[in-house]
Amino acid sequence: MIIDNVRLFRPFINDDPETMHHIVLENGKIAEIHKGRAPQQGNDVHDGKERTIMTSFTDSHLHLLRYGLMKVELDLRHVTSWREMKEEMRDYYPEMEENDWIVGRGFNDDQFTDIDHYLTAKDLDEIHLGKPIFFLHQDGHECVVNDKVMDMLKMEDSFKKAVPESFIEKDNAGEWTGRFKDTAVHFIKRHFRGRSKQEAKEAITAAIPHFLNLGITTVHTDDLNFIGSYQILWESYRELEKDDKLPIEVFLHHYIFNKDDLDEFIESFDIRSGEGTVKVKTGAIKIFLDGTQRLHTAAMRFPYSDKPDTTGNLVYSQDELNEIVKAASENDMQVAMHAIGDSAVEQAINALEQPEVNVSKLRHRIIHAQTLGPDLIERLGDLKPFIETQPSFLMEEYDQKAIWVGEDLAPYCDPFGSLEQNGIPYTLSSDAPIGNLNPFESIFGAVNRTDFEHQPEGGWVPHEKLTLDQSVEAFTYTPKLLEYQESLKGKLEEGFEADFILVTDHPKSTRMIDLHEIRVDEVWVSGERVFECN
């Protein structure tokens, strides 16, 4: 097979955007790359029609199953009032949800104008008294449930052990309101709403076209909370692979609450990080160290500027985290630690500095690391764990950073450029469906550090901008280091897997403020076309 009549875009290679090339594919790999049009003609020559060819994307942090569930279950992201939310549930619940639970995803009661308070369990009684009800907030870090679910939680001793008290909202009388945060949300999803293999496969199948449409051919996904069983999760993806219905490669993380969860996984599964089949592989052990800044649960070293009575919450003591990270490492498992506040990042660094952990071999990760500081950047530069960043969050929250963390610390939020300058490996990712799935929109955010209205003018903390080449490499090649596949995948070069996309515009010929308008026309995996835009 020959891909003919294409422009090349390869990060850090100075290809002329106006020069046409042809690429020879053999056995699913790139065999040759030549300037000029192919001399051959026939069915084995595919005309690229002067479009640009580049490596397909790898999203190193998202929730594929949750994204798919939002395509088959009730999606409330568009709802703007409590009245509308109740109508949606009453109209669509019977066809959207077949089991005993009433579930809605993506609500945002910050924007509700017909009630003067956030939703509580008492409000949910207006929908149904007899069934468990669970609504997940748009940011994925907060939920509201009804009294029936709270009764179930109060019977669970493990809930009290796994969840800090501060993640349980209480009224003035000390009673639970029905709203829960962070680790509590994950516990409810994991322990009370397991799904069947068939439900999981339907959701995964519903999600895949959305990924291919954006040129994403590999994902690292944290799905366990949305199905409850790693065995069922693994089998769901494997059966799709066996049925030739999984065109993308997936790395499945295992989210744990404590060391007992880790021990159970290590004893039950003998497949370690990076191992598995052609399409389905084991990812990392996922650990939540803190919450989120919107809820003031991200762990900070100094009090919040807008809520000085709190510094957020660390889920683990340092000794507990050290033990988990050390045990995972000794069993050849990567760890991926959610750490948004600088105190949580510091705790992650402390755990990774243990000599037994061997960061350079296992390539451990810190997810988000949204708030750093000069001392933490220096230690990260020495240690070099991978940092998984999400530029779409910066685009939405830049005007809130100083409000949360203060003017002095705000310049050290989302410091992408500092990661680059200090040799700290990083990836760009989406955290979809919480963040924006489109890689070109994240690349726009990293390069410009503005929203789509080009605010703030000149970019927020502009010295932390990335270049186009740096941003694209962080969405294509760098994740392959996390997968131990850096010599096989992630580059448009001879000998590498033929995983690539044809896009409408050459990124180097596109204004930086228009990067998000680039569209994917075709997607190829191992030399086979798996998607074509209609």
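This report walks through the pockets, the largest cavity, some salt bridges and two buried residues of a predicted model.

**Pockets**

Let's begin with the open spaces. The largest pocket has a volume of about 570 Å³. Its lining is made up of 28 residues, and F257, N258, K259, D260 and D261 are the ones closest to the centre. If you would like to find this pocket by its secondary structure, look for helix 5 (157-162), helix 6 (183-192), helix 8 (230-242), helix 9 (259-268) and helix 10 (318-330), the elements that give two or more residues to the lining. Helix 9 has the largest share, with 6 residues. Sorted by class, the lining holds 12 nonpolar, 8 polar and 8 charged residues.

The second largest pocket comes to about 440 Å³. Here 20 residues form the lining, and those closest to the centre are D139, R294, E396, E397 and I434. Helix 14 (residues 391-397) gives the largest share of this lining, 3 residues. The class count is 4 nonpolar, 9 polar and 7 charged.

**The enclosed space**

Turning to the inside, the model holds 4 cavities of 30 Å³ or more. The largest cavity encloses about 150 Å³. Which residues lie nearest its centre? They are H63, G140, H186, F288 and I434, out of a lining of 16 residues. I434 has thus come up before, among the residues closest to the centre of the second largest pocket. Helix 6 and strand 14 (280-288) each bring at least two residues to the cavity lining. Helix 6 also gives two or more residues to the lining of the largest pocket. By class, the cavity lining divides into 3 nonpolar, 8 polar and 5 charged residues.

**Salt bridges**

The model has 39 salt bridges in total. Three of them are set out here.

| Salt bridge | N to O distance |
|---|---|
| D4 and R37 | 2.9 Å |
| K508 and D469 | 3.4 Å |
| R529 and E532 | 3.5 Å |

Take the pair D4 and R37, whose side chains meet at 2.9 Å. D4 sits in strand 1 (residues 2-8), while R37 is in the loop between strand 3 (29-35) and strand 4 (45-47), so this salt bridge ties together parts that are 33 residues apart in sequence. The two partners differ in their surroundings: D4 counts as buried because its relative accessibility is 4%, whereas R37, at 48%, counts as partly exposed.

For K508 and D469, the distance is 3.4 Å. K508 belongs to the loop between strand 19 and strand 20 and D469 to helix 18 (residues 468-476), so the pair links parts that are 39 residues apart in sequence. K508 is partly exposed at 38% relative accessibility, and D469 is buried at 14%.

In the pair R529 and E532, at 3.5 Å, R529 is partly exposed at 38% relative accessibility. E532 is partly exposed too, with 42%.

Salt bridges with shared partners also build a network, which joins D109, D110, D139, E142, R179 and R294. Two members of that network may look familiar, as D139 and R294 are among the residues closest to the centre of the second largest pocket.

**Two buried residues in loops**

Where does T510 sit? Its place is in the loop between strand 19 (500-503) and strand 20 (520-525), the loop that also holds K508. Is T510 buried or exposed? T510 counts as buried because its relative accessibility is 14%, and the cut-off for buried is under 20%. A polar atom of the T510 side chain lies 2.8 Å from the backbone oxygen of H506. Setting aside residues up to four places away in sequence, T510 touches D505, L515 and I518.

D414 is found in another loop, the one between helix 15 (401-405) and helix 16 (416-421). With a relative accessible area of 4%, D414 is buried. Which residues does D414 contact, leaving aside its neighbours within four places in sequence? The contacts are Q370, L394, K401, R449 and E464. Of these partners, L394 falls in helix 14 (residues 391-397), the helix with the largest share of the second pocket's lining.

Key: Residues numbered from 1 in each chain as written. Predicted model: local features only at pLDDT ≥ 70, side-chain atom pairs only at ≥ 80, totals over all residues. Heavy atoms only, no water. Helix = DSSP H or I, 4+ residues; strand = E, 2+ residues; numbered from the N terminus. Buried < 20%, exposed > 50% of the residue type's maximum accessible area, 1.4 Å probe, protein only. Polar contact = N/O pair within 3.5 Å; in protein donor to acceptor, adjacent residues only side chain to side chain. Contact = heavy atoms within 4.5 Å. 1 Å grid on protein atoms, 1.4 Å probe; cavity = no way out; pocket = protein on both sides within 12 Å on 5 of 7 lines; lining within 4 Å. Points joined across faces, edges and corners; volume = space filled by probe spheres on them. Nonpolar A, V, L, I, M, F, W, Y, C, P; charged D, E, K, R; others polar. Salt bridge = Lys/Arg side-chain N within 4 Å of Asp/Glu carboxyl O.
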